[in-house]
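Subject: Structure for you to look at

Dear colleague,

Here is the structure I promised to pass on to you, and below it I have set out what was found. Please keep it open while you read, so that you can look up each place as it is named.

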Amino acid sequence: MAAQWKEREIQKSYWIEQSLDLTVEAMMLDSKASDLDKEERPEMDDVGYEDDAVLSLLPPYKGKSILELGAGIGRFTGELAKEAGQLLAMDFIESAIKKNESSNGHFKNVNFMCADVMSPDLKISYESVDLIFSNWLLMYLSDKEVFKECHMRDDAGNSFEFSLISCKCIGAYICWVWQKVKSQDDGGFQQFLDNVQYKCSGILRYERVFGEGFVSTGGIDTTKEFVSKLDLKPGQRVLDVGCGIGGGDFYMAENFDVEVIGIDLSVNMVSFALERAIGRKCSVEFEVADCTKKTYPDNTFDVIYSRDTILHIQDKPALFRTFFKWLKPGGRVLISDYCKRAGLPSAEFGEYIKQRGYDLHDVEVYGQMLKDAGFGEVIAEDRTDQFLKVLQRELEVLEKDKASFICDFSEEDYNEIIGGWKAKMIRSSSGEQRAQRSPLLIFFSSLFFFFTTMASSAPAITNSEQPSSEQLVTPSSPAIPDSAQPSSLPSHHPHIINISQFVSVKLDGLNYLLWKNQIQPILILQDLFGFVDGSLPSPLLFLENGLPNPAFLSWKRSDNYVMSCINATLTEGILAQTVGLNSSRAIWDLLASTFLQQSAISCSNDAPSPTAANSSQRRHSYG
């Protein structure tokens, strides 16, 4: 405590010296302070403060009691006094607060006080203030001082804490709005996002996979494709709901000269976005905000864009009605989101939905919500194949980058994200999640959908994202694909054999080509190679009537047999890497992508002459 007050006295002495010339330049420590001041305090018109004014972020405060900390010479005091019921302006530099009083003392609702905000002698009556405003103060306080008592209980035992309402970048400054709330009323979901689903380390891992600035599947490539549907024009205003770390917003602003506002409930996401915005010459601003509580005037935006976010919203119809009002006539909305197939999900997928806190609907229901909100021309287009290919491509890149990834993060991080990607592909292949699309509105789900809607003359685009099944089924195609029929499977169950009699070499990581040369002919002989090369894909899990598909059950039995054959020929160390994979193709692809190149290098290094190499190959071919 003694050290803290010693530092405070040093700061006070410094500011007393700086305050000899009580000008804006002296108080802001900048010779171009007048320009900075205009950024923070643009002129107020008949409607109110401009969107980029600091005071525009405040909740309505007419007639309220306000405490202004670090009031200085009164740059904001006079503005606050015009609406406040009572205002107490406080600063620890006597000359500054006297200058403030000389400028704003004519306001009868303002009192002036020279005091240190951290002084234990400072007495402010309990629950006497509606709003606390501070500009350029927190940078001079330590985190311990700022967050000293942000969680407390009143005499009745009620627990209170600060909840972040919004965060916005204005010029070179970040503005935060916090609200005192009962702890049980606080944003538990926001805490879940920042502490569980989107921890800073997790965001950086996602960005490593998707590319700089992106945390959505496909990164810049899918962003370019989706944005191309929006027909953006210079000067248009775009709202990005669930902006993540800003990659899509920077792309739109820099390439189409549009103004973009990105909002996200995750503090971590917006913090990264603000950091990446530094030095960019484009019109993008970010704000921590809840899209279900945020307000904008009607007819504000030309485009509303959202990627993989709306699945978190419980009352989608209300949100879509709000989107409709926010859009200008002819405006568009593009949403990518998770959906599910019609009917009840499996127990496993249902548990996944519950664990993630998602609110998922089938694509037709989703589209009907948009129609009910006023949008029209809702179209869906199946994109399951595309989505799976993107996932596979990202997985391959990640596996090739394994050493570097582990160096930058950890082996645990690598295994976790690899497992997550494989789980996505497995869920996609099960038929639970798919991907569809249409000309303007996109949904990922049971199918990855792209829907188009119009509000009066306002086309809306929605996109949803969730992996998909290997068999693609659109809502308008109830018939079972050929691959769901038993005739597409082997006509007989495989003859059970002792695989070790035929495969004498177990895969150890360096002998992949030799191992494959033995096991592949056996699978071909048994009519089972189609399970690993994809030519015998999984049938649908359920029939159209919701009953289990017998073709799938038969296919799964055969696939489990193939998995057993492969696993029986792996060394213990290699077998451990296949844990969690539930199809023979997934195991086969993993082994090929992991060990093919190593095996080729090993064979090359072990073969000093063509004669030795050919001799070795003959031995292993003929046993």
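How many salt bridges does the structure hold? There are 15 salt bridges in it, and please bear in mind throughout that this is a predicted model. As background, side chains of opposite charge can pair when their charged atoms come close.

One of these salt bridges joins the side chains of Glu207 and Arg276, with 2.7 Å from N to O. Because Glu207 belongs to helix H8 (residues 200-210) and Arg276 to helix H11 (residues 267-277), the pair ties together parts that are 69 residues apart in sequence. Glu207 is buried, at a relative accessible area of 10%, and Arg276 is buried too, at 17%.

Helix H8 also holds Arg208, whose side chain meets that of Asp408 in a salt bridge of 2.7 Å, N to O. Asp408 lies in helix H16 (residues 402-408), so this pair ties together parts that are 200 residues apart in sequence. Here Asp408 is partly exposed, with a relative accessible area of 47%, and Arg208 is partly exposed as well, with 27%. In addition, Arg205, Asp413 and Glu416 are linked in a network of salt bridges.

A salt bridge can also sit within one helix, as Arg585 and Asp589 show, for both lie in helix H22 (residues 584-605), four residues apart, which is about one turn of the helix. An α-helix has 3.6 residues a turn, so residues three or four places apart point the same way. The closest N and O atoms of Arg585 and Asp589 are 3.6 Å apart; Arg585 is partly exposed at 33% relative accessible area, and Asp589 is partly exposed at 29%.

Turning to the strands, E2 (residues 86-91) and E3 pair in the parallel sense over five bridges, and within this pairing Ala89 has Phe112 in E3 as its bridge partner. Between E2 and E3 the chain passes through helix H5 (residues 94-104), and this β-α-β crossover is right-handed. Met113, which is found in strand E3, is partly exposed at 28% relative accessibility, and its C-alpha atom is separated by 8.6 Å from that of Glu94, although the two are 19 residues apart along the chain.

Which residues have a positive phi without being glycine? Glu127 has a phi near 55° and is placed in the loop between strand E3 (110-114) and strand E4 (131-134), where Glu127 is exposed with a relative accessible area of 58%. Asp257 has a phi of about 55°, is placed in the loop between helix H10 (247-256) and strand E9 (259-264), and counts as exposed at 54% relative accessibility.

Helix H18 (residues 512-525) allows a check of its length: at 1.5 Å a residue, its 14 residues should span 20 Å, and its end C-alpha atoms are indeed 20 Å apart, which agrees. The buried residues of H18 are Tyr512, Trp515, Gln518, Ile519, Ile522 and Leu523, and just after this helix Asp527 takes a positive phi of about 60°.

Lastly, on the surface, Phe162, Trp176 and Trp178 make a nonpolar patch of about 320 Å². Of these residues, Trp178 is found in strand E7 (residues 173-182) and is partly exposed, with a relative accessible area of 41%.

With best wishes

Methods. Residues are numbered from 1 along each chain as its sequence is written. This is a predicted model: local features need pLDDT of at least 70, side-chain atom pairs count only at pLDDT 80 or more; totals for chains, interfaces and linings use all residues. Side-chain values use heavy atoms; hydrogens and water are left out. Helices (H or I, at least four residues) and strands (E, at least two) are DSSP runs, numbered from the N terminus. The expected span of a helix is 1.5 Å times one less than its number of residues. Buried means under 20% relative accessible area, exposed over 50%, partly exposed in between (1.4 Å probe, protein chains only). Two strands pair if DSSP finds at least two bridges between them. A crossover is right-handed if, with the strands pointing away from the viewer, the path from the first strand over the helix to the second runs clockwise. Patches are made of residues with over 30% relative accessible area and no salt bridge: like charges are joined within 9 Å, nonpolar side chains (Val, Leu, Ile, Met, Phe, Trp, Tyr) within 5 Å. Accessible areas come from the Shrake-Rupley method with a 1.4 Å probe; for residues, only the protein chains shown count as cover. A salt bridge is a side-chain nitrogen of Lys or Arg within 4 Å of a carboxyl oxygen of Asp or Glu.
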